[in-house]
Amino acid sequence: MSAALQAKVGQQWKRPPFVRNATLRWTLIGGFVAYLIAAYFTIEVNWSRVYEGLDRGARFVLAFTSPDFVSRWTDIRDGMIESIIMTVAASVVGILISIPIGLGAARNVAPLPIYMICRGIVAVSRALQEIIVAILLVAIFGFGPLAGFLTLSFATIGFLSKLLAEDIESMDKVQAEAIRATGARWSQWIIYGVLPQVMPRLIGLSIYRLDINFRESAILGLVGAGGIGATLNTAFDRYEYDTAAAILIIIIVIVMILEYISGIVRARVQ
Amino acid sequence: MLKLKKLLKTYRTGDQALKSIDLEVPEGQVLALIGPSGAGKSTMIRCINRLVEPTSGEVWLGDTELTRLGATALRKARREMGMIFQEYALVERLTVMENVLSGRLGYVGFWRSVLRRFPQSDVDEAFRLLDRVGLLEMADKRADELSGGQRQRVGICRALIQNPKVLLVDEPTASLDPKTSRQIMRLICELCAERGLAAIINIHDVALAQMFVQRVVGLRFGAIEFDGDPTALTPDVLTTIYGAEDWEATIAVVEDEDEPEAVV
């Protein structure tokens, strides 16, 4: 046995720590724990207010045992139809715009200037939260589903382009190279070498985004951007918790159906 | 036919992958390029069709100098060079037929290729090639359903349907078992003979190379160390290419036994 091996044999082996310097490591851990404790202490709880609120909360939860689908049915139906139209229209437009932007935002497909522009678009779309965009668009276009449709399209672009671009960047280079070697032009290279590789993920993400857009459409109504959210908001304002419960139940059922469909589709396209 | 003049490639990392390569491949000649990993075999092949841009030097295919071509002219030139890859490099989620027809992309327009409306002559030729390699029934299967040997046959069809003047073959047998390796090498060499195609075949397996090709070029550290007849590969020569080892077992003594052309 060599001397180097002699020194190792019989010794425990441990994985090298992520931060090598022990002092630095313990300072970081200690500092984070101290901050966490301090942070929790700054959150004030007004216990008497919580006690009063429990009552209201209970009424809200109990409403789910007796949801009222009937008395506001026309409002619920119209709101739901509007939400679904908004969701489908915004998802389709958003997905169609996302594909070229996603291609542009992938460094291994797009030249640097286009990459910068597309990454910029993605960053802006992701930085602006849906509610903020919706408030702005309601200010521009007025109350109604147009503002909601545009908001959801805009949000879809940021979400889908980014994830699509990341999938393109991690694709198998050789498959794409083989298509390039045949003398294919850039557009054909994308269609034959790149898209088939990212298609399952693109489809999966699109369905997932459809699902998100539907849930978002329920929120957007709260700021006046149309859809079932507007109906929901009205129900809350009138303290009609049973109607609100009915709306929430319908939303939950639709989201579950979408989840089920997306599971089937994703399994099929793999 | 294919001529490399002072071809040189230095990667951005400073690695000299190719040091002034001069090589001429006459029409119809099948040439094996051997050498240790990192000797520059793959780089050399990719510098010819410019999947890797050479740093300097010239590549002549017939009367065309390739290294200075613009994008459109390069596409036209690539149509004349079929490439076969190590890990088959089929687009796995496309069907066998789409993979074969993708060899025609340089000849058909964008919309035709999007809609898969290839000219009838291309479709016929694709079926003919698939039949030639024994995969006619597999046309509608997805590429990732095939075995390694089958995939490489599809890769060969994709290269041949380009109607190329030269084949660039990068480690065609590296991920195949010994028997399939021989079948694939034999198929490539037969098809080259049938069509009078020149080919450069990168290959690790020296014995396999000796069995099938007419000329062997040995590459070491990006320079040509040997260029000659396969029978001239002696242990001394292999030592200059790969470094010292016992070579007796590596050099082919067996005659290629005539096994039936089984479909694997």
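Let me begin with chain B of this predicted model, where six strands make up an open sheet, with 6 strands in the order E6-E7-E8-E3-E9-E10 and with mixed pairing. At the edges of that sheet stand strand E6, residues 81-84, and strand E10, residues 223-228, and each of them has a single partner strand, so one side of each is left without a neighbour in the sheet. If you follow the sheet across from one strand to the next, the twist averages 20°.

I would like to go to the middle of this sheet before coming back to its edges. Strand E8 of chain B, residues 198-202, has 5 of its 5 residues buried, so it is largely enclosed by the rest of the structure. How are the two faces of E8(B) covered? On one side we find B:Ala198, B:Ile200 and B:Asn202, on the other B:Ala199 and B:Ile201, and all of these are buried. That division between the sides can be read with a general point in mind, namely that in a regular strand the side chains alternate between the two faces of the sheet.

E8(B) also has its partners in the sheet, and both pairings are parallel. With E7(B) it runs parallel, joined by 5 bridges, and within that pairing B:Leu167 has B:Ala199 of E8(B) as its bridge partner. With strand E3 of chain B, residues 30-34, the pairing is again in the parallel sense, over 4 bridges, and here the bridge partner of B:Leu33 is B:Asn202 in E8(B).

Now to the E10 edge. Strand E9 of chain B, residues 215-220, pairs with E10(B) in the antiparallel sense over 5 bridges, and the two strands form a hairpin with 2 residues between them. In the turn of that hairpin, B:Phe221 has a positive phi of about 50°. Should you wish to find the register on the screen, B:Arg220 stands opposite B:Ala223 in E10(B), while B:Gly218 stands opposite B:Phe226 in E10(B).

Towards the other edge, helix H6 of chain B, residues 148-160, lies across E6 and strand E7, the latter being residues 166-170, and the helix runs at about 170° to E6(B).

Chain B has another open sheet, formed by 4 strands in the order E2-E1-E4-E5, and in this one the pairing is antiparallel. Its edge strands are E2, residues 16-25, and E5, residues 64-65, each of which pairs on one side only. Strand E1, residues 2-10 of chain B, runs antiparallel to E2(B), and 6 bridges join the two; as a point of reference, B:Lys3 stands opposite B:Glu24 in E2(B). Helix H1 of chain B, residues 41-48, lies across E1, E2 and strand E4, residues 56-61, and runs at about 60° to E2(B).

Let me turn to the place where the two chains meet. Here 22 residues of chain B are in contact with 19 residues of chain A. On the chain B side, helix H2, residues 71-79, and helix H4, residues 110-114, each supply at least two residues, and H2(B) gives the most, with 4 residues. Which classes of residue make up the side of chain B that touches chain A? There are 9 nonpolar, 6 polar and 7 charged residues on it.

Finally, chain A, where I will follow helix H9 and its packing. Helix H4 of chain A, residues 73-104, packs against helix H9 of chain A, residues 186-220, at an angle of about 150°, with their axes 9 Å apart, and that angle makes H4(A) roughly antiparallel to H9(A). The crossing is right-handed. Among the residues making the contact are A:Met86, A:Ala90 and A:Ile95 of H4(A), together with A:Leu210, A:Asn213 and A:Phe214 of H9(A); by class, this contact has 8 nonpolar, 6 polar and 1 charged residues.

H9(A) also packs against helix H10 of chain A, residues 228-237, at an angle of about 45° and with axes 6 Å apart, which makes H9(A) oblique to H10(A). H9(A) passes H10(A) in a right-handed crossing. In this contact, A:Ser217, A:Ala218, A:Ile219 and A:Leu220 of H9(A) meet A:Ile228, A:Gly229 and A:Leu232 of H10(A), and the residues divide into 5 nonpolar, 2 polar and no charged.

Key. Residues numbered from 1 in each chain as written. Chains lettered and ligands numbered in written order. Predicted model: local features only at pLDDT ≥ 70, side-chain atom pairs only at ≥ 80, totals over all residues. Pairing = 2+ DSSP bridges. Axes fitted to C-alpha atoms, helices over the stretch in contact; angles between N-to-C directions. Contact = placed C-beta atoms within 7 Å. Nonpolar A, V, L, I, M, F, W, Y, C, P; charged D, E, K, R; others polar. Parallel < 35°, antiparallel > 145°, perpendicular 65-115°, else oblique. Left-handed = near helix turned anticlockwise from the far one by under 90°. Buried ≥ 20, exposed ≤ 12 C-beta atoms within 10 Å, placed from the backbone.
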